[in-house]
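Subject: Structure handover

Hi there,

Here is the structure I promised to pass on to you. Please open it alongside this email, and I will walk you through what turned up.

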Amino acid sequence: MAIVTTSVTVSTTPTLLYTSVGQSQVQLRNDSASADVFVGNSAVATTTGFKIAAAGTLTNINLDHNESLYGIVATGTGTVAVFAVRKG
């Protein structure tokens with residue numbers, strides 16, 4: 001089991017947050033004070049992504065090998081903290 005932590009600056013274009021190596025369980029925290037972050041696949045948009053409100057969290061995301069999560073904000077930039085546990 002390996003643990004991965006990182007912080008990613010998210011912009012108005014889809015920004016890679018995490019790509020799993022093997023199966024992973026991921027938690028995301030929006031560290032932005034005022035920017036909502038929307039997460040999804042590489043085509044994520046503010047209209048289709050799952051919203052993480054400013055200072056909010058999204059937990060227990062299970063990814064299979066080589067699956068990726070992306071984030072996007074409507075304007076400016078935001079910061080997302082990523083905590084991932086690789087299973088196996």
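In what order do the four strands of the open sheet with strand 1 in it line up, and is the pairing parallel or antiparallel? The order is 1-8-3-6, and the pairing is antiparallel. Strand 1 (2-10) and strand 6 (57-63) are the edge strands; each has a single partner, so one side of each has no neighbour in the sheet. From one strand to the next, the twist averages 20 degrees. Before you go further, please keep in mind that this is a predicted model.

**Strand 3 and its partners**

Within that sheet, strand 3 and strand 8 run antiparallel and are joined by eight bridges. One position to look up is glutamine 27, which stands opposite phenylalanine 83 in strand 8. Strand 3 also pairs with strand 6, again in the antiparallel sense, over five bridges. Here serine 24 faces leucine 63 of strand 6, and leucine 28 has leucine 58 as its bridge partner in strand 6.

As a general rule, side chains in a regular strand alternate between the two faces of the sheet. Strand 3 shows such an alternation: Ser24, Val26, Leu28 and Asn30 point to one face and are buried. Gln23, Gln25, Gln27 and Arg29 point to the other face and are not buried.

**The second sheet**

There is also an open sheet of four strands in the order 2-7-4-5, with antiparallel pairing. Its edges are strand 2 and strand 5, each with a single partner strand, so one side of each is left without a neighbour in the sheet. In this sheet the twist averages 30 degrees from one strand to the next.

Strand 2 pairs with strand 7 (residues 68-72) through four bridges, in the antiparallel sense. Leucine 16 stands opposite tyrosine 70 of strand 7.

Threonine 15 belongs to strand 2 as well. Is threonine 15 buried or exposed? Its relative accessibility is 14%, so threonine 15 counts as buried. The side chain of threonine 15 reaches the backbone oxygen of threonine 13 at 2.9 Å. Leaving aside neighbours within four places in sequence, threonine 15 is in contact with Val8, Thr9, Val10, Leu69, Tyr70 and Gly71.

**The nonpolar core**

The largest nonpolar core has 19 residues. Leu17, Val26, Leu28 and Val82 are those with the most contacts inside it. The elements that give two or more residues to this core are strand 1, strand 2 (15-19), strand 3, strand 4, strand 6 and strand 8 (78-87).

Valine 26 is a good residue to click on. Not counting residues up to four places away in sequence, valine 26 touches Tyr18, Leu58, Thr59, Asn60, Ile61, Leu63, Leu69, Val82, Phe83 and Ala84.

You could then turn to isoleucine 3, in strand 1. Isoleucine 3 and valine 26 are 23 residues apart in sequence, and their C-alpha atoms are 9.9 Å apart in space. Isoleucine 3 has a relative accessible area of 56%, so this residue is exposed. Not counting residues up to four places away in sequence, isoleucine 3 touches Phe83, Ala84 and Val85.

**Salt bridges**

How many salt bridges does a search of the whole structure find? The search finds two.

One of them joins aspartate 31 to arginine 29, with the closest N and O atoms 2.5 Å apart. Aspartate 31 is partly exposed, at 38% relative accessibility. Arginine 29 is partly exposed too, with a relative accessible area of 42%.

The other is formed by lysine 51 and aspartate 36, whose closest N and O atoms are 3.5 Å apart. This pair links distant parts of the chain, 15 residues apart. Lysine 51 lies in strand 5 (residues 50-52), while aspartate 36 lies in the loop between strand 3 (23-30) and strand 4 (37-40). At 47% relative accessibility, lysine 51 is partly exposed, and aspartate 36, at 25%, is partly exposed as well.

That is the tour. Have fun exploring!

Best wishes

Key. Residues are numbered from 1 along each chain as its sequence is written. This is a predicted model: local features need pLDDT of at least 70, side-chain atom pairs count only at pLDDT 80 or more; totals for chains, interfaces and linings use all residues. Side-chain values use heavy atoms; hydrogens and water are left out. A salt bridge is a side-chain nitrogen of Lys or Arg within 4 Å of a carboxyl oxygen of Asp or Glu. Buried means under 20% relative accessible area, exposed over 50%, partly exposed in between (1.4 Å probe, protein chains only). Two strands pair if DSSP finds at least two bridges between them. Axes are lines fitted to C-alpha atoms, for helices over the stretch in contact, and angles run from 0 to 180 degrees between N-to-C directions. A nonpolar core is a set of buried Ala, Val, Leu, Ile, Met, Phe, Trp, Tyr and Cys residues joined through side-chain atoms within 4.5 Å. Contact means heavy atoms within 4.5 Å. A polar contact is a pair of N or O atoms within 3.5 Å; within protein, one must be able to donate a hydrogen and the other to accept it, and residues adjacent in sequence count only if both atoms are side-chain atoms.
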